[in-house]
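Colleague: I would like to learn how to read the features of a model like this one. Can we take them one at a time?

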Amino acid sequence: MADEGVAAGADFWCPTCHGGPLATGGSELVCHACGRRYPVVRGVPILINDENSVFAIDDYRSAGAYQGVSYGEASDPHGGLRGRYRRAVHRLAEYEISRRTLDVERALHDFCAARAERPRVLVIGAGNCRYQDAAEFHYTDVAFSDGVNAIADAHDLPFADGTFDFVIAIAVLEHVADPARVVGEVWRVLKPDGRVFAETPFLQPVHMGAYDFTRFTPLGHQRLFRRFSEIESGIARGPAAASAWSLKMVLSNLHPSRRFRSVMSLVALLLSIPIKQLDRMLVRNAGSLDGAGGVFFYGARQERTIPDREIITLYRGGF
Ligand SMILES: [Zn+2]
């Protein structure tokens, strides 16, 4: 495990020049190839390519930087009744009928079980997700959370080529400015036979405000991973989950006041509980893929790039 910031320095490579490993220099990590220095804040190295990222290294030097922007539930400053109410609403919003044919926990577990050595697993955009498996986990994100090993922007991963056996990207690719570049970085840091598991929204409204850029159709998502051979892909969230999100948008925006929005969001969440049950039936039909709330892709790194003419033959929806 790359534990506790500075001690893990030998595992990190320069996210800016990608030219070499970072060395410990006082309270910083230093790249001897380009001379750039990266601070360690609260025991966590800030490994951002300052010239390329929407996130700036300086913004992490203040203690609360970016915490709470993404992970409202864990860092909600409201205690007591208000905090409990917010957490209950959050749980209600997250309630779903999981219809994945394969989820990341099972894919990872089967992968670890089949290997003699403990695999190295990189989790990008880790948030508060922590995995329990016989593997060496490296958690990165652009926001602080307990147990995160480095602050890193996935456009420039601070690792050498071929470092990892498995990369996990759950609800990440919609939040990056250039998903193709991020998937390229995932490909780069994976070993030749490495695996990727990604889950990305398709028909989901904007979340996390300004940090939400892109959606993918199922086929567009497969194309993003065209340097991987597919093991399995499909629906991560069903069409009923998508319609529940839409209902919340419709009801909560009928009037601009904050109080109205908040009340109607709760009404929509309660109304959507029975709607979400429909996903149990919907996902049996191929057409549901065309209206999924989110999709997943599980694949193995390969040298070959699948040409677009072949990509279109992979369509499996109801058209
Ligand atoms: Zn460098």
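Modeller: We will go through the metal site, the aromatic rings, a helix and a few single residues. Keep in mind that this is a predicted model.

Colleague: Which atoms are the protein donors of the zinc ion, and how far from it do they lie?

Modeller: The donors are four SG atoms, those of Cys14, Cys17, Cys31 and Cys34, at 2.2 to 2.3 Å from the zinc ion. Along the sequence these donor residues follow the spacing C-x2-C-x13-C-x2-C.

Colleague: How is the geometry of such a site judged?

Modeller: Ideal angles are 109.5 degrees for four tetrahedral donors. Here the angles among the four donor atoms of the zinc ion run from 106 to 115°, and the site is tetrahedral.

Colleague: Which of the four cysteines are buried, and which are partly exposed?

Modeller: Cys14 is buried because its relative accessibility is 0%, and Cys31 is buried as well, at 1%. Cys17, at 31%, is partly exposed, and so is Cys34, at 29%. The cut-off for buried is under 20% relative accessible area.

Colleague: How many disulfides are there?

Modeller: The count is zero.

Colleague: What about aromatic rings? How is a pair described?

Modeller: Two values serve: the distance of the centres and the angle of the planes. This structure has 12 aromatic pairs. One of them joins Phe197 and Tyr298, with 5.7 Å between centres and 40° between planes, which makes the pair tilted. Phe197 belongs to strand E9 (residues 190–201) and Tyr298 to strand E11 (residues 294–301), so the pair links parts of the chain that are 101 residues apart.

Colleague: Are Phe197 and Tyr298 buried or exposed?

Modeller: Both are buried. They also belong to one aromatic cluster, together with Phe111, Phe166 and Phe296.

Colleague: Where does a charge sit over a ring?

Modeller: Arg301 places its charged end over the ring of Trp187, 3.6 Å from the centre. Arg42 lies over the face of Phe144, with 4.3 Å to the ring centre.

Colleague: Trp187 brings us to helix H4. How many of its residues are buried?

Modeller: Helix H4 spans residues 179–189 and is mostly covered, with eight of its 11 residues buried. An α-helix has 3.6 residues a turn, so residues three or four places apart point the same way. In H4 the buried residues are Pro179, Val182, Val183, Glu185, Val186, Trp187, Arg188 and Val189.

Colleague: What covers the buried residues of H4?

Modeller: The cover includes strands E5 (120–123), E8 (164–170), E9, E10 and E11, along with helix H5 (218–224).

Colleague: Take a single residue in strand E10. How would you read Arg237?

Modeller: Arg237 lies in E10, which covers residues 228–237. It counts as buried because its relative accessible area is 18%, and the cut-off is under 20%. Beyond neighbours within four places in sequence, Arg237 contacts Glu94, Glu96, Arg100, Trp245, Ala292, Gly293 and Gly294.

Colleague: Which residues other than glycine have a positive phi?

Modeller: Among them are His18, with phi near 55°, and Ala171, with phi of about 55°. His18 is in the segment before strand E1 (22–25), whereas Ala171 is in the loop between E8 and H4.

Colleague: How accessible are His18 and Ala171?

Modeller: His18 is partly exposed, with a relative accessible area of 28%. Ala171 is partly exposed too, at 38%.

Note on methods: Residues are numbered from 1 along each chain as its sequence is written. This is a predicted model: local features need pLDDT of at least 70, side-chain atom pairs count only at pLDDT 80 or more; totals for chains, interfaces and linings use all residues. Side-chain values use heavy atoms; hydrogens and water are left out. Helices (H or I, at least four residues) and strands (E, at least two) are DSSP runs, numbered from the N terminus. Buried means under 20% relative accessible area, exposed over 50%, partly exposed in between (1.4 Å probe, protein chains only). Contact means heavy atoms within 4.5 Å. Donors are N, O and S atoms within 2.8 Å of the metal (3.2 Å for Na, K and Ca); water is not among the atoms, so sites may look incomplete. Four donors count as tetrahedral if all angles lie between 85 and 135 degrees; four count as square planar and six as octahedral if opposite donors are over 155 degrees apart and all others between 65 and 115; anything else is irregular. Rings of Phe, Tyr and Trp (its six-membered ring) pair if their centres lie within 6.5 Å; planes under 30 degrees apart count as stacked, over 60 as edge-to-face and the rest as tilted. A charge sits over a ring if NZ of Lys or CZ of Arg is within 6 Å of the ring centre and within 35 degrees of the ring normal. A disulfide is a pair of cysteine sulfur atoms within 2.5 Å.
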